Amino acid sequence: MGAGKTTKSQELARRSGSILLSEDDWLTAIYPDEIISFNDYIKYSARLKPLLKGHVQSILNAGISVILDFPGNTKQQRAWFKEIFSAFNIPHKLIYIEADDELCLKQIEIRNKNHPERAQFDNETVFHQVTSYFQIPSEDEGFNIEVIRRKNT
């Protein structure tokens, strides 16, 4: 949360001409005003992913690149990504943005000024709750990992 995942995804999509799918956009469109807590997010995200899995695989199998702006904070979350590409041996890259808590919280604060509707969920309490589950991605999970290290400036 706040590491710069959406900004990086948008930049990559613009630069490469890929399709960008954002979990935040989908959840907001399908479940407006229903995600108030972290538990709400978990519930609705779990409903969304099976719907999108086959859709994303179809796009990829058509030869079109897709950038998924979805969190992969835990091995379980990343397993969903692996299901997408491994069934068809689709080339992939997992981008891990390494950023310290101070930078992430600063960026969440800026985001909330620009998007006050997100402040109810995007706050320091939820950040710490989400971060407590974080597991650094490792090569043994079967991903081609690119690490981007962001410094607090």
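Is Asn-89 buried or exposed? Asn-89 is exposed, as its relative accessible area is 70%. Keep in mind that what you're looking at is a predicted model. This briefing starts with helix α3, moves on to the aromatic rings, and then stops at a handful of single residues.

**Helix α3**

- Helix α3 covers residues 38-61, which makes 24 residues.
- At 1.5 Å a residue, those 24 residues should span 34 Å, and the end C-alpha atoms sit 33 Å apart, so the two values agree.
- There's a bend along the way: α3 turns by about 35 degrees at Leu-52.
- Leu-52 is also one of the buried residues of α3.
- Others on that buried list include Tyr-44, Ser-45, Leu-48, Val-56, Gln-57, Ile-59 and Leu-60.
- What do the buried residues of α3 pack against? Their partners are β1 (19-22), α2 (23-30), β2 (66-69), α4 (75-86) and α6 (124-131).
- After α3 comes Gly-63, and its phi is positive, near 90 degrees.

**Aromatic rings**

- How many aromatic pairs does the structure hold? The count is seven.
- One of them is made by Phe-38 and Tyr-41, a stacked pair with 6.3 Å from centre to centre and 25 degrees between the planes.
- Both of these residues belong to helix α3, where Phe-38 and Tyr-41 are three residues apart, or about one turn of the helix.
- In an α-helix there are 3.6 residues a turn, so residues three or four places apart point the same way.
- Phe-38 and Tyr-41 are both buried.
- Another pair brings together Phe-85 and Phe-143, whose ring centres are 5.6 Å apart; their planes meet at 65 degrees, over the 60 degrees needed, so this pair counts as edge-to-face.
- Phe-85 is part of helix α4 while Phe-143 is in the loop between α6 and β4 (145-149), so this pair ties together parts that are 58 residues apart in sequence.
- Both rings belong to buried residues: Phe-85 has 11% relative accessibility, and Phe-143 has a relative accessible area of 4%.
- Tyr-133 comes into the picture too, since ring pairs link Phe-38, Tyr-41 and Tyr-133 into a cluster.
- Trp-80 has a charged visitor: Lys-49 lies over the face of its ring, 5.5 Å from the ring centre.
- Lys-49 is itself among the buried residues of α3.

**Two buried polar residues**

- Asp-122 sits in the loop between α5 (101-114) and α6.
- Is Asp-122 buried or exposed? With 4% relative accessibility, Asp-122 is buried, because the cut-off is under 20%.
- The side chains of Asp-122 and Arg-111 are joined by a polar contact of 3.1 Å.
- Leaving out residues up to four places away in sequence, Asp-122 touches Met-1, Ile-108, Arg-111 and Asn-112.
- Ser-22 is in strand β1.
- Ser-22 is buried too, given a relative accessible area of 8%.
- Which residues does Ser-22 touch, not counting residues up to four places away in sequence? Those are Asp-69 and Phe-70.

**Exposed spots in the loops**

- Asp-33 isn't a glycine, yet it has a positive phi of about 60 degrees.
- You'll find Asp-33 in the loop between α2 and α3.
- Asp-33 has a relative accessible area of 76%, so it counts as exposed.
- Asn-89, the residue from the opening question, has a positive phi as well, about 55 degrees, although it is not a glycine.
- Asn-89 belongs to the loop between α4 and β3 (94-98).
- Ile-136 is in the loop between α6 and β4.
- A relative accessibility of 55% is over the 50% cut-off, so Ile-136 counts as exposed.
- Ile-136 still has contacts: apart from neighbours within four places in sequence, these are Arg-78, Tyr-96 and Glu-141.
- Ile-136 and Met-1 are 135 residues apart along the chain, and their C-alpha atoms are separated by 14 Å.

Conventions: Residues numbered from 1 in each chain as written. Predicted model: local features only at pLDDT ≥ 70, side-chain atom pairs only at ≥ 80, totals over all residues. Heavy atoms only, no water. Helix = DSSP H or I, 4+ residues; strand = E, 2+ residues; numbered from the N terminus. Expected span 1.5 Å × (residues − 1). Bend = angle between axes of the 7 residues up to and from the residue. Buried < 20%, exposed > 50% of the residue type's maximum accessible area, 1.4 Å probe, protein only. Contact = heavy atoms within 4.5 Å. Polar contact = N/O pair within 3.5 Å; in protein donor to acceptor, adjacent residues only side chain to side chain. Phe/Tyr/Trp six-rings, centres within 6.5 Å; stacked < 30°, edge-to-face > 60°. Lys NZ or Arg CZ within 6 Å of the ring centre and 35° of its normal.
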